[in-house]
Amino acid sequence: MNVIAKIGHNAPPSPFDEIKSKIEDLYEEAKQWLDGEPVTTQDQANALNTLENRIREAAKEAEALRKGEVKPLDDAKAEIQERFNALIGETKTVTGKT
């Protein structure tokens, strides 16, 4: 057996995989409510409110994870832009040397 494959197979899921799974599960749960039957009890209404709150919280978690993952890229891009703006920039605050 390939040792690398075995090690990779046992690795814990990534944060992205975890939030993806959570959102997909919530999505499937929400789809079950869309069967055309009206909400007729307070318990059903409460369950839908809870589901809505769980979906919103998962969306916030995913957005925070996304921001964390792109921050190094955004920082690198800003540094590159700053260097080149001194040469060729045409912004409200900087006019490059060209």
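## A bend in helix H3

The bend at a residue is the angle between axes fitted to the seven residues ending there and the seven starting there. With that in mind, take a look at H3 in this predicted model: a kink of about 40 degrees lies at Val70. The proline Pro72 follows shortly after that kink.

## How H2 and H3 pack

Two packed helices are described by the angle between their axes and the distance between the axes. Here the pair is helix H2, residues 15-33, and helix H3, residues 42-88. Their axes come within 10 Å and cross at roughly 155 degrees. Angles over 145 degrees count as roughly antiparallel, so H2 is roughly antiparallel to H3. The crossing of the two helices is left-handed.

Which residues of H2 and H3 make the contact? From H2 come Pro15, Phe16, Ile19, Lys22, Ile23, Leu26, Glu29, Ala30 and Trp33. H3 brings Gln44, Ala47, Leu48, Leu51, Arg54, Ile55, Ala58, Glu61, Ala62, Leu65 and Glu69. Sorted by character, the residues of this contact are 14 nonpolar, one polar and five charged.

## Leu26 and the buried residues of H3

Leu26 is a good place to zoom in. This leucine is found in helix H2, and its relative accessibility is 5%. Buried means under 20% relative accessible area, so Leu26 counts as buried. Leaving aside residues up to four places away in sequence, Leu26 touches Leu51, Arg54, Ile55 and Ala58. For one of these partners, Leu51, the C-alpha to C-alpha distance from Leu26 is 7.5 Å, while the two are 25 residues apart in sequence.

Turning to the other helix, Leu51, Ala58 and Asn85 of H3 are buried. What covers the buried residues of H3 includes H2.

## Two residues with more to show

Is Glu37 buried or exposed? Glu37 sits in the loop between H2 and H3, and it is exposed because its relative accessible area is 58%, where exposed means over 50%. Glu37 and Arg66 are 29 residues apart along the chain, and their C-alpha atoms are separated by 36 Å.

Back in helix H2 you will find Lys20. With a relative accessible area of 39%, Lys20 is partly exposed. Between the C-alpha atoms of Lys20 and Leu87 the separation is 42 Å, and along the chain these two are 67 residues apart.

Key
Residues numbered from 1 in each chain as written. Predicted model: local features only at pLDDT ≥ 70, side-chain atom pairs only at ≥ 80, totals over all residues. Heavy atoms only, no water. Axes fitted to C-alpha atoms, helices over the stretch in contact; angles between N-to-C directions. Helix = DSSP H or I, 4+ residues; strand = E, 2+ residues; numbered from the N terminus. Parallel < 35°, antiparallel > 145°, perpendicular 65-115°, else oblique. Left-handed = near helix turned anticlockwise from the far one by under 90°. Contact = heavy atoms within 4.5 Å. Nonpolar A, V, L, I, M, F, W, Y, C, P; charged D, E, K, R; others polar. Buried < 20%, exposed > 50% of the residue type's maximum accessible area, 1.4 Å probe, protein only.
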